[in-house]
Amino acid sequence: MRAYHLESFGDIDGIVLREHGPAVPEPAGPTDIVVAVRAASLNRRDLMILHGRYPLPAVPGVVALSDGAGEVVAVGEAVTRFAVGDRVSSSYFPRWRTGRITPDAIDQPGCTIDGMLAEYAVLDEQWAVAVPAHLTWEEAATLPCAALTAWSALTGGEALLPGQTVLTLGTGPVALFAVQFAKSMGLRVVSTTSNEEKADRLKALGADAVVDYRRHPEWSTQVREATDGLGADLVVETGGPDTIEQSLRASSLYGQIALLITGSARNPGIAVSNEAYASSLATIRREFVGSRERFEAMNRAITANGLRPQIGRVHSFEEVHTAYRNHEVDPPFGKVVISLGS
């Protein structure tokens, strides 16, 4: 079996293709399933792990990537959740099943335990989630991290009502999923970008208004104009310290800010001026991906609304280094996917 391992950190050459074990592994325990991985996808966290900037230290030699989807080809004798032929994806936090996360559930594929950048993955049945039937393998492989993060941002706090406004920042995968989910919930969406072509694509995806943050550095003013002066009821905050001040100013009086990023290359931490926060009663809450229960709820919503993830680029299993390199220097509109074929 072939798999890509993070043998060393700091450079893409540290991602090494290895062959080990049988061509098709067997379940290691009675509750294990063997998944023939059909596609995997990259997240920004995978670049952070590679360069040693991720908060959770990675295990040297770990199989890369948290996100992947495939077909169950073998099951252990005690497996009850899945059968051979089922379509599944991995969970970002395999041991976080419901409720709040606990310290003993922080393991993540592609970091502290083996991930999905392999021809086969052996997972405990509790670590997997059934994927929506209408999605391709490439689309299904995008769900565990970016999609679930967006879903948690929208559903993890005070419930929003149809007609309320969600603000998304930029065109990263989390922001794009947030646009799609928000529109399926009957919410109004305002998005930001600095690219005219991407602005058109955001509108095609469902954004009701798009603000050019480069043309308008104080873009919170334009967000307020687009919301009749009320501001956004929820900000999906994917910019962190680079955008938090404007996000707060763009928020409605009792708005919610789902803070997903807390540091950047330019700013190591979050700082908000007294002037901005003193004039607001907005709530800032942290979200970080989500539990299996949320993953399953999200997948039901994806199925009910026929949503399809945005795919930016697809690479072959032999092009992993190219996929990482291009994702680092030129992230596309949509997810970067590694296809292993059907």
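This report describes one internal cavity and the packing of helix α3 against two other helices in a predicted model.

**The cavity**

The count comes to 1 cavity of 30 Å³ or more, and the largest cavity holds about 40 Å³ of space. Its lining is made up of Leu-143, Phe-177, Gln-180, Phe-181, Ile-302, Leu-307, Arg-308 and Pro-309, which by class are 6 nonpolar, 1 polar and 1 charged residues. Helix α4, spanning residues 173–184, gives the most to this lining, with 3 residues.

**Helix α3 and its two partners**

The geometry of the two helix pairs is set out below.

| Helix pair | Axes come within | Crossing angle |
|---|---|---|
| α3 (residues 143–155) and α4 | 8 Å | roughly 50° |
| α3 and α9 (residues 292–305) | 10 Å | roughly 85° |

With axes that cross at roughly 50°, α3 is oblique to α4, and the crossing of these two helices is right-handed. On the α3 side the contact involves Leu-143, Ala-146, Ala-147, Thr-149, Ala-150, Trp-151 and Leu-154, which meet Pro-173, Val-174, Phe-177, Ala-178, Phe-181 and Ala-182 in α4. The residues of this contact of α3 with α4 divide into 12 nonpolar, 1 polar and no charged.

The axes of α3 and α9 cross at roughly 85°, and the two helices are therefore roughly perpendicular to each other. Here α3 contributes Leu-143, Pro-144, Ala-147, Leu-148, Trp-151 and Ser-152, while α9 contributes Arg-294, Phe-295, Ala-297, Met-298, Asn-299, Ala-301 and Ile-302. By class, the contact of α3 with α9 has 10 nonpolar, 2 polar and 1 charged residues.

**Shared residues**

Leu-143 of α3 takes part in the contact with α4 and in the contact with α9, and Leu-143 also lines the largest cavity. Phe-177 and Phe-181 of α4 meet α3 and are among the lining residues of the largest cavity, as is Ile-302, which belongs to the α9 side of the contact with α3. Ala-147 and Trp-151 likewise appear in the α3 contact with α4 and in the α3 contact with α9.

Technical notes. Residues are numbered from 1 along each chain as its sequence is written. This is a predicted model: local features need pLDDT of at least 70, side-chain atom pairs count only at pLDDT 80 or more; totals for chains, interfaces and linings use all residues. Side-chain values use heavy atoms; hydrogens and water are left out. On a 1 Å grid over the protein atoms alone, a cavity is a set of points where a 1.4 Å probe fits but cannot get out, and a pocket is an open set with protein on both sides within 12 Å along at least five of seven lines; lining residues have an atom within 4 Å of a point. Grid points are joined across faces, edges and corners, and a volume is the space filled by probe spheres set on the points. Helices (H or I, at least four residues) and strands (E, at least two) are DSSP runs, numbered from the N terminus. Ala, Val, Leu, Ile, Met, Phe, Trp, Tyr, Cys and Pro count as nonpolar, Asp, Glu, Lys and Arg as charged, and the others, Gly among them, as polar. Axes are lines fitted to C-alpha atoms, for helices over the stretch in contact, and angles run from 0 to 180 degrees between N-to-C directions. Angles under 35 degrees count as roughly parallel, over 145 as roughly antiparallel, 65 to 115 as roughly perpendicular and the rest as oblique. A crossing is left-handed if the near helix is turned anticlockwise from the far one by less than a right angle, and right-handed if clockwise. Contact means heavy atoms within 4.5 Å.
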